[in-house]
Amino acid sequence: MVNNSALQPDQEAGIAAESSPVDNPAPSRTNSIGAWTLRLLLALLLLFGSEILLWIDPPGRAATDWLLLGVGYITLSAVLLDLAARYGIRNLYDVMALTALYALGVGLLLNPQIGLVNFPVEFMTYVMGAHSLLGLEMLGVFFFLTGGRNRPARRLLLGYSLWVGFYWGTWVRWSPSLSDWLVDEVSLTTMFTIAGAMLVVGGVLTAFSFRRAQALSAPDMLLSQNMQGISAAILAGIFALRLAEGQVNIGMVVLTLFVGVLCVGILWFQRPTKGAILL
C-alpha cells in the first residue's frame, strides 16, 4: 500500500504516469504468473456470472463443453484486460462498453444457441441484456477484489450481492414454469453445490493473486504479439466450430461485428491521455 499524503511532487508525477494508459504498449514479461492469475480470476468470475447466475443448464453440460467454455472464458478474460489497459478505461461508461464486447463474445462464440432463438429479439435481450449486466457485475467484483477495497465500495458490493442473490434464486426457481428457458426445476442443493464449488476456487485464486500479483501494473496486463495471435486463433477456432454446428447465422455475425466496432470506437475515442485508470 502507498500513502499518497507522504509523496513528494516528483513521486506523485511518477505514479500518475504509471496509472495512465500506454500510448505505445510494450507488454511486460515480469510477473507473468501473477498476470495470468488475475486473468484466470476474471475468467472464473465471468463464467460464474454467465453460466451459473444465468443458469445455462450447468449440470447438463458435457465435459467437452466445459473444456471449450473454460478455454473461451480465459481467452475472453485476457482480451478484456488487454483492452482495459490498452484504452485506459477509467469510469462506468468505459466498463459498459467493455462488457458489451464481452456479451458479444459470449453470445456469438460460447452460447450462440441463446441468441439464435427468435433472432434478433433474444439476441438483444439475453445476449446484449443479460450477459452485459452479468459481465458488468463480475467486472465490478474483479475491480473490487484487485483494488477497490474502501468502505463505500464494500457497502455497495454487499447490497449488490444481496440483489443478485435474490435475482438468481428467483430466476432459477421460476423459469421452468414461467418461460421456455429451463425445462426442469433445479433444487437448492444443486444450485448451492455448484455455486459453492466455484466460489471456493475463486477464493483460492484471489488469495493466490494477492501473493503473486502485488507488483503488477496496467502494462503487465497487455498481451504480447504472440499471445494476441494465439487468442485470435482460439476465438477463430471456436467460431469455426459454431459455424460448422450451424449455431450461428449471418445476421448474428453482422450484428456482432457492427456493435463490436461501435464499442471499440467508443473505447478508442474516450481513452484518456493522463490520470488514473481502473487498472
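Student: In what order do the elements of the protein run from the N terminus on?

Tutor: This is a predicted model. The protein holds 10 helices and 0 strands. From the N terminus on, the order therefore reads helix after helix, since helices are the DSSP runs of type H or I. Written out, the elements run α-α-α-α-α-α-α-α-α-α.

Student: What share of the residues in the protein is buried?

Tutor: A residue counts as buried under 20% relative accessible area. The protein has 279 residues. Of these, the buried ones make up 42%.

Student: How much of the accessible surface belongs to carbon and sulfur atoms?

Tutor: The accessible surface of the protein comes to about 14,800 Å². The part that belongs to carbon and sulfur atoms is 66%.

Student: Among contacts with a separation of 6 or more, what share comes from residues 24 or more positions apart?

Tutor: Take the contacts in the protein with a separation of 6 or more. Then pick those between residues 24 or more positions apart. They account for 83%.

Student: What does helix H9 reach from its first C-alpha to its last?

Tutor: H9 covers residues 225-244, which is 20 residues. At 1.5 Å a residue, 28 Å is expected. The helix comes close to that, with a reach of 28 Å.

Student: Why do the buried residues of H9 line one face of the helix?

Tutor: The buried residues in H9 are Ser231, Ile238 and Arg242. Seen down the axis of H9, they fall within a single arc, so they line one face. On the other side of H9, Gln225, Asn226 and Ala244 are exposed. The arc that holds the buried residues is 40 degrees.

Student: Which helices do the buried residues of H9 pack against?

Tutor: Start with a residue of H3, Thr75. Leaving aside its neighbours within four places in sequence, Thr75 is in contact with Ser231, Ile234 and Leu235. Ser231 is one of the buried residues of H9. The buried residues of H9 pack against H3 (63-86), H4 (92-110) and H5 (112-116).

Student: Is Thr75 buried or exposed?

Tutor: The cut-off for buried is under 20% relative accessible area. Thr75 has 6% relative accessibility, so Thr75 counts as buried.

Student: Which residue with a positive phi follows H9?

Tutor: Look just past the end of H9. The phi there is positive, near 75 degrees. The residue is Gly246.

Student: Is Val261 buried or exposed?

Tutor: Val261 is found in helix H10, residues 250-269. Its C-alpha and that of Leu101 are separated by 9.1 Å, with the two positions 160 residues apart along the chain. The relative accessibility of Val261 is 61%, and the cut-off for exposed is over 50%, so Val261 is exposed.

Student: How many aromatic pairs does the structure hold, and what kind is the pair of Phe142 and Phe143?

Tutor: The structure holds 8 aromatic pairs. In one of them, the ring centres of Phe142 and Phe143 are 5.9 Å apart. Their planes stand at 65 degrees, so the pair is edge-to-face.

Student: What is the angle between the planes of Trp268 and Phe269?

Tutor: Trp268 and Phe269 also form an edge-to-face pair, 4.8 Å centre to centre. Trp268 is partly exposed at 39%, while Phe269 is exposed at 68%. The angle between their planes is 90 degrees.

Student: Over the ring of which residue does the charged end of Arg173 sit?

Tutor: Arg39 offers one case, lying over the face of Trp36 at 4.5 Å from the ring centre. The charged end of Arg173 sits 4.2 Å from the centre of its ring. That ring belongs to Trp174.

Student: Which residues is Val186 in contact with, leaving aside its neighbours within four places in sequence?

Tutor: Val186 has its place in the loop between H7 (151-178) and H8. Its relative accessible area is 19%, so Val186 is buried. Met191, one of its contacts, is among the buried residues of H8. The full list is Trp55, Val172 and Met191.

Student: Which residues form one aromatic cluster with Trp55?

Tutor: Trp55 is also in contact with Val186. Its partners in the aromatic cluster are Trp168 and Phe192.

Definitions and conventions
Residues numbered from 1 in each chain as written. Predicted model: local features only at pLDDT ≥ 70, side-chain atom pairs only at ≥ 80, totals over all residues. Heavy atoms only, no water. Helix = DSSP H or I, 4+ residues; strand = E, 2+ residues; numbered from the N terminus. Expected span 1.5 Å × (residues − 1). Buried < 20%, exposed > 50% of the residue type's maximum accessible area, 1.4 Å probe, protein only. Arc of directions from axis to C-beta. Contact = heavy atoms within 4.5 Å. Phe/Tyr/Trp six-rings, centres within 6.5 Å; stacked < 30°, edge-to-face > 60°. Lys NZ or Arg CZ within 6 Å of the ring centre and 35° of its normal. Areas by Shrake-Rupley, 256 points an atom, 1.4 Å probe, with all protein chains shown as cover.
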